Amino acid sequence: MNVQQSHGQPLLSVRDLRLSYAADRGDVRAVDGVSFDLEAGQTLAIVGESGSGKTSLALALLRLLPRNTSQFEGQITLNGMDCMALSDGDFRDRVRWRQISMVFQGATESLNPIYKVGHQVREVLTARGDQSRQAADERTRELLDMVRLPTETFNRYPHELSGGMKQRIAVASALALNPTLILLDEPTSALDVGVQAQIMNLFKRLKSNLGVASIFISHDIALASDLADYIAVMYAGRLVEIGPSEDILGAPSHPYTQKLLAAIPRLRSDTPLEFIPGAPPDLSDPPTGCRFHPRCEFAMDRCRVDGPREFVTASGQSLAACWLLDERTS
Ligand code: SF4
């Protein structure tokens, strides 16, 4: 299923990706048949509520799989290379951090308090990049400049830095080995609004200056749309809508996307804020048919039985998986 029309060979192609975890209550299908393409230099936002499988998708792309992984299948092709055919050792040596890196959720808390932050960035270069200490020091200072931190930050300890500065360190570490793709997992969620805006501006600048592609994972579709060329909406382990940001934001087709957008607070608007009723399902026992049907105001009989719906053209170039689209065109 080609869910995003690429011009030529995409940088990243994901097909029918599945990731499940073994749990006492049964296998948790965190990522269940996800497919998309991403071109070089582009940003794809993956949005959805907590528990929709977004972080699991990122961990699958970086092959950072928990011990209780019970299923990891599908195709991941990066720059024409079949990543799933690589051994764990080859993936670690050739792909992780060198070609795909990640800024983790809560990355600001992952800095080691007893080491200077410059040394922690340098560690990425010496341990994974095989660089001499002198070359790594030089590159670290270049990276600090790239994320707009003063050179003297090199010799400071994490407790001496603000949350925004620590997040810039996490971004510098992720950029250290010149990856072609960077995964950003809720990278601003721990920051206050003003600092969040500064970090978003940093991402925009890095995108235009370095041309690095990114996957921006967020529960906040408004924030994600600030950076994304494409948006993919994820619900209960599956993508339900994907397309160019302007199509998704301008004319969302899937009822879940519509609800996410209606829940965004707007200045100068009398339209009441909407909330999505209910909660995302337990992924060890998801609903039959369309997984959104228990929360969907448009659910029909077939939604409870038939499924999952294949993607069909929705609005503009976007694709959505919803039986309602058949009703509209019939
Ligand atoms: Fe709602 Fe049915 Fe569409 Fe699912 S397939 S989102 S239940 S209308």
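**View 1. Asp229 and its salt bridge to helix α6.** In this predicted model, Asp229 is partly exposed, with a relative accessible area of 27%. Its partner in a salt bridge is Lys207. The closest N and O atoms of the pair are 2.9 Å apart. Asp229 sits in the loop between α7 and β9, Lys207 in helix α6. The pair links distant parts of the chain, 22 residues apart.

**View 2. Lys204 and Asp226.** The side chains of these two residues form a salt bridge, 3.2 Å from N to O. Lys204 belongs to helix α6 and Asp226 to the loop between α7 (221-225) and β9 (230-235), so the contact ties together parts 22 residues apart in sequence. Lys204 counts as partly exposed, at 31% relative accessibility. Asp226 is also partly exposed. Its relative accessible area is 41%.

**View 3. A salt bridge within helix α10.** Asp301 pairs with Arg304, and the closest N and O atoms are 3.5 Å apart. Both residues lie in helix α10 (residues 301-305). They are 3 residues apart, about one turn of the helix. Asp301 is exposed, with a relative accessible area of 64%. Arg304 is partly exposed, at 37%.

**View 4. A salt-bridge network.** Salt bridges link Asp16, Arg18, Asp32, Arg238 and Arg291 in a network. Across the whole structure, the search finds 15 salt bridges.

**View 5. Strand β7 and its neighbours.** Strand β7 spans residues 181-185, and 5 of its 5 residues are buried. Leu181, Leu183 and Asp185 point one way from the strand. Ile182 and Leu184 point the other way. Strand β6 (residues 100-103) runs parallel to β7, joined by 4 bridges. Here Met102 stands opposite Leu183. Strand β8 (residues 213-218) also runs parallel to β7, joined by 5 bridges. Leu184 stands opposite Phe216 in β8.

**View 6. The crossover from β7 to β8.** Helix α6 (residues 193-210) combines with β7 and β8 in a β-α-β unit. The unit is right-handed. Helix α6 also carries Lys204 and Lys207, the salt-bridge partners of Asp226 and Asp229.

**View 7. The shell around the ligand.** His254, Pro255, Cys290, Phe292, His293, Cys296, Phe298, Ala299, Cys303, Cys322 and Trp323 surround the ligand. By class, the shell holds 9 nonpolar residues and 2 polar ones. No charged residue is part of the shell.

Definitions and conventions. Residues are numbered from 1 along each chain as its sequence is written. This is a predicted model: local features need pLDDT of at least 70, side-chain atom pairs count only at pLDDT 80 or more; totals for chains, interfaces and linings use all residues. Side-chain values use heavy atoms; hydrogens and water are left out. A residue is near a molecule or strand if one of its heavy atoms lies within 4 Å of it. Ala, Val, Leu, Ile, Met, Phe, Trp, Tyr, Cys and Pro count as nonpolar, Asp, Glu, Lys and Arg as charged, and the others, Gly among them, as polar. Buried means under 20% relative accessible area, exposed over 50%, partly exposed in between (1.4 Å probe, protein chains only). Helices (H or I, at least four residues) and strands (E, at least two) are DSSP runs, numbered from the N terminus. Two strands pair if DSSP finds at least two bridges between them. A crossover is right-handed if, with the strands pointing away from the viewer, the path from the first strand over the helix to the second runs clockwise. A salt bridge is a side-chain nitrogen of Lys or Arg within 4 Å of a carboxyl oxygen of Asp or Glu.
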